[in-house]
Amino acid sequence: KPFLRKGTEYYCTMSMSVVRFPNEGERFDELIKKADAALFNAKSAGKNRVFFYDENHDTGSYKRLDLEKNMRNATQSRMEEFEVFYQPIVDVTMEGNPCIGAEALVRWNSAELGYVSPGDFIPLAEYLGLINPIGTHVLREACKRCKYWNDMGQPDFSVNVNLSVVQLLQADIVDVIAKVIKETGIIPDHLHLEVTEGLAINDMDRMKQILADIKKLGVKVALDDFGTGYSSLNHIREMPIDIIKIDRCFIQDIEKDDFAKSFVKIVTELANVIHVRTCIEGVEGQAQADILRELNVHMIQGYFFGKPMPVTDFEEKYL
Ligand code: C2E
Ligand code: CA
Ligand code: CA
C-alpha cells in the first residue's frame, strides 16, 4: 500500500532473492555472489518479487558479472569505449522540416564483449552507480559537439542529453552540469536535459526542486517517455519542464488506434496552453508524420527522418 508522509504518497516495492545453504554453496562469498545474481534477475524481471537462485540462470548471472567487470574497466580508463551517437530532431512547424538538433544516445563498443546496446547496459550501470561517470562523459561530449555545430554554421542547433534518475539524485548534479557548460562553452539554452518521471511519483517536491535548480543554469528540461509507466497528466503542469516527449508506443499504431491519436492530440493541446513544446518519438513512416502534422505537434524524432548515427555521419548530413 502506498504510505503518506507530509502530504506526499510514497510507493515502495520489495525485491528479494533466496540462496540455499549448503546445497548451493558452502562459502560465504559464493552464496553472496549467487544471491546477488538472483536479486539482479528479480529486479530485471520487473522488481517487486522473490527469486530463488536457479542454476539454469547461471549463464545469465555470469554474463552479468562479465558485463560488470568490463564496465568497471571501461569507466576507469578514458571512456573511449562509450561512443555517442546522434539522432536528428526535426521541426515540423517549419517549411521543409529542418533538423534543429539531435538527441545524444550512448553506445558501448566493448573491446571484450563487442557492441552492447544501451537497453542492456544502462540498467546495470544505474544499479552499480557507474551511470554517473558514463553520463558525465556523454554530457561533455554532447555539449562539445553542439558548441562545434553552433560555431560551424548551425547557430541554432541544440542537443538533448538523457539524465538518469540516479544522476539527478547526486548531490553535486547541478555543479557537474555547470562545470560542463563552462568547460565546453555551450550556450546553456542549447542544452536540453531529458528526464523521466521516475522520481516524481515518489517525491514530487524533491523532483521540482532539483529541476528548478538545474534550470537556473539556463538549460531546458524535457520530460522523456511521456505516457508510459506512472505518467500523470498533472505532472505536465507541476513539473518545471519546457518540452514533452511523447513515447514511441503511441505512434506505432496511430493510423488505426483512435486512443493513441487522441492522446497525442490532448497532450499537445494541454502543452500549448502552458507554453510547453511537444516532441514525438519513434516516427517511422510518412503516414504517421502526416497525421502528427495535423495534430500540431512541434518536433519529430524517428527513423523516418534519421536513425541514431555516429557523429561524423551526422555532421556530414546536417552541418
Ligand atoms: P530513449 O531516451 O527513449 O531514446 C530513444 C530510443 O528510441 C533510442 O534507442 C532510439 O534509437 C530509439 N528510436 C528512435 N527513433 C526510433 C524509431 O523511429 N523507431 C524505433 N523502433 N526506435 C527508435 P537506444 O539508442 O537504443 O536507447 C535506448 C534507451 O537507452 C534510451 O531511450 C535511453 O533511455 C537510454 N539511453 C541512451 N543513451 C543514454 C545516456 O547517455 N544516458 C542515459 N541515462 N540513458 C541513455
Ligand atoms: Ca531520451
Ligand atoms: Ca524516449
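# Close-ups of a predicted calcium-binding model

**View 1. The calcium ion (ligand 3) and its donors.** Along the chain, the donors of the calcium ion (ligand 3) show the spacing D-D-x55-E. Here, donors are N, O and S atoms within 2.8 Å of the metal (3.2 Å for Na, K and Ca), and water is not among the atoms, so sites may look incomplete. This is a predicted model, in which local features need pLDDT of at least 70 and side-chain atom pairs count only at pLDDT 80 or more, while totals for chains, interfaces and linings use all residues. Residues are numbered from 1 along each chain as its sequence is written, chains are lettered from A and ligands numbered from 1 in the order in which they are written, and side-chain values use heavy atoms, with hydrogens and water left out.

On the protein side, Asp-224 (OD), Asp-225 (OD) and Glu-281 (OE, listed twice) sit 2.2 to 2.6 Å from the calcium ion (ligand 3). Asp-225 belongs to strand β10 (residues 220-226) and Glu-281 to strand β12 (residues 277-281), so this pair links distant parts of the chain, 56 residues apart. Strands (E, at least two residues) and helices (H or I, at least four) are DSSP runs, numbered from the N terminus. Asp-225 is partly exposed at 28% relative accessibility, whereas Glu-281 is buried at 12%. For these words, buried is under 20% relative accessible area, exposed is over 50%, and partly exposed is in between (1.4 Å probe, protein chains only). Look at the backbone of Asp-225 too: phi is positive, about 55°, although the residue is not a glycine.

**View 2. The calcium ion (ligand 2), with Asp-224 as the bridge.** Asp-224 coordinates both this calcium ion and the calcium ion (ligand 3), and the two ions are 3.9 Å apart. The protein donors of the calcium ion (ligand 2) lie 2.1 to 2.3 Å from it: Glu-103 (OE), Asn-162 (OD1), Glu-194 (OE) and Asp-224 (OD). Their spacing along the chain reads E-x58-N-x31-E-x29-D. Glu-103 is in strand β6 (residues 99-110) and Asn-162 in strand β8 (residues 158-162), so the pair ties together parts 59 residues apart in sequence. Glu-103 is buried, at 4% relative accessibility, while Asn-162 is partly exposed at 29%.

**View 3. The nonpolar cores.** A nonpolar core is a set of buried Ala, Val, Leu, Ile, Met, Phe, Trp, Tyr and Cys residues joined through side-chain atoms within 4.5 Å. The largest one has 79 residues, and Leu-191, Val-264 and Leu-292 have the most contacts inside it. Helix α4 gives this core its largest share, 8 residues. A second, separate core has 6 residues, among them Ile-89, Ala-222, Cys-279 and Met-299. Back at Leu-292, the residues touched (heavy atoms within 4.5 Å) include Ile-251, Val-264, Ile-280 and Ile-300, leaving aside residues up to four places away in sequence.

**View 4. Backbone oddities in two loops.** The peptide bond from Phe-21 to Pro-22 is cis, with omega near 0°. Pro-22 sits in the loop between β3 (16-18) and α1 (28-44). Asn-97 has a positive phi, near 45°, and is a residue other than glycine. Asn-97 lies in the loop between β5 (82-91) and β6, and is buried, with a relative accessible area of 17%.

**View 5. Thr-312 beside a distant stretch of chain.** Thr-312 is in helix α11 (residues 311-318) and is exposed, with a relative accessible area of 53%. The C-alpha atoms of Thr-312 and Phe-85 are separated by 9.3 Å, with their positions 227 residues apart along the chain.
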